[in-house]
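Q: Please take a close look at one part of this structure and explain, for someone who has not seen it before, how that part packs against its partners.

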Amino acid sequence: MNATSAEQASAPVTEDALRSVLAGERPSRPGPVLTSLTFGWRALLKIKHVPEQLVDVTMFPIMFTLMFTYLFGGALAGSTQEYLQFLLPGILVQANVMITMNTGITLNTDIQKGVFDRFRSLPVWRPSPLVGALLGDLVRYSIGSAIVIMLGLVLGFRPEGGAVGVVLSVALLLVFSFCLSWLWTMLSLILRTPNSVAGVSMMVMFPLTFVSNIFVDPKTMPGWLQAVVEVNPITHLATVVRGLMHGSVPAGEIGWVLVSSVLLVAVFGPITMVLYRNKK
């Protein structure tokens with residue numbers, strides 16, 4: 001540092017100098033889209049620094065596909081290849097809806113560390129930290145979907161609906177998964193530890209995924225259980241994904257899934273925001 005810069009650093013700040021700085025143009029407040037995308041990028045950076053977060057979207061779908069295909073395929077369908085055509089769309093559904101639970105666990109961890117206290121003090125759109133986290137998780141869902149589909153193709157899965165049917169089914173699945181994530185976001189604001197969020201989430205998701213048509217045709221079940229399966233939203237989602245992949249377009253089922261998605265956001269979204277605003 002030379003003498004001139006030293007003198008400038010030690011010189012007192014005048015009122016005119018302060019006014020000239022404060023009179024400058026104030027940066028515009030970022031909009032909801034920009035702030036949500038920024039928090040979504042934060043979620044992706046967390047995956048970059050902690051790649052173990054991708055274990056649930058990589059290893060678990062592979063394990064379930066291989067185990068159910070080769071352990072139960074012959075007994076349930078008489079042929080592993082025939083069972084794979086039925087099973088893989090269901091596994092795709094199960095993999096995505098199960099990993100949505102990680103959203104609540106991650107948010108609860110941030111809350112316990114005090115990170116969200118800082119977020120709530122920022123001059124940004126209030127829901128943007130939550131929406132951004134959910135947008136970041138869409139990348140995880142996409143990775144999981146790609147892994148399941150590639151594994152299925154290697155094993156012999158052949159979607160009669162072609163690439164268009166596969167893309168449409170994955171897109172619908174991502175929409176439903178995003179909307180379902182609001183349930184776990186709500187739980188993350190109610191429950192006090194990440195372990196409790198994980199425990200409650202598993203209690204909800206295991207019955208929903210296994211008491212459905214993901215693994216077997218409901219026609220083989222008792223009548224009372226068939227009635228339960230038929231009202232399960234996961235059943236309708238699996239039916240749509242299976243139909244789109246195999247070339248049929250069940251319009252009524254698609255509408256049912258979209259309505260369910262809207263209801264999930266309409267119910268759990270406002271509750272989440274009230275809890276988030278009043279969180280201490």
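A: A crossing is called left-handed if the near helix is turned anticlockwise from the far one by less than a right angle, and right-handed if clockwise; helices are DSSP runs (H or I, at least four residues) numbered from the N terminus. In that sense, the crossing of α9 and α13 is left-handed. The model is a predicted one, in which local features need pLDDT of at least 70 and side-chain atom pairs count only at pLDDT 80 or more, while totals for chains, interfaces and linings use all residues. Residues are numbered from 1 along each chain as its sequence is written, and side-chain values use heavy atoms, leaving out hydrogens and water.

The part to follow is helix α13, which spans residues 251–278. Its axis and that of α9 come within 8 Å and cross at roughly 25 degrees (axes are lines fitted to C-alpha atoms over the stretch in contact, with angles from 0 to 180 degrees between N-to-C directions). The two helices are therefore roughly parallel, a label for angles under 35 degrees, whereas over 145 is roughly antiparallel, 65 to 115 roughly perpendicular and the rest oblique. On the α9 side, the residues in contact (heavy atoms within 4.5 Å) include L172, F176, W182, M186 and I190, and they meet a set in α13 that includes V257, L264, F268, T272 and Y276.

T272, which lies in helix α13, shows this packing at a single residue. T272 has a relative accessible area of 0% and so is buried (buried is under 20%, exposed over 50% and partly exposed in between, with a 1.4 Å probe and protein chains only). Apart from neighbours within four places in sequence, T272 is in contact with L130, W182, T185, M186 and L189.

A second partner of α13 is α12, residues 233–245, and these two helices pack at an angle of about 135 degrees with their axes 9 Å apart. That angle makes α12 oblique to α13, and the crossing of this pair is left-handed. From α12 the contact is made by P233, H236, L237, T239, V240 and L244, and from α13 by E253, I254, W256 and V257. V257 of α13 is also listed in the contact with α9.

L237 ties these helices together: not counting residues up to four places away in sequence, L237 touches V93, V97, L173, F176 and V257. Of these, F176 belongs to α9 and V257 to α13.
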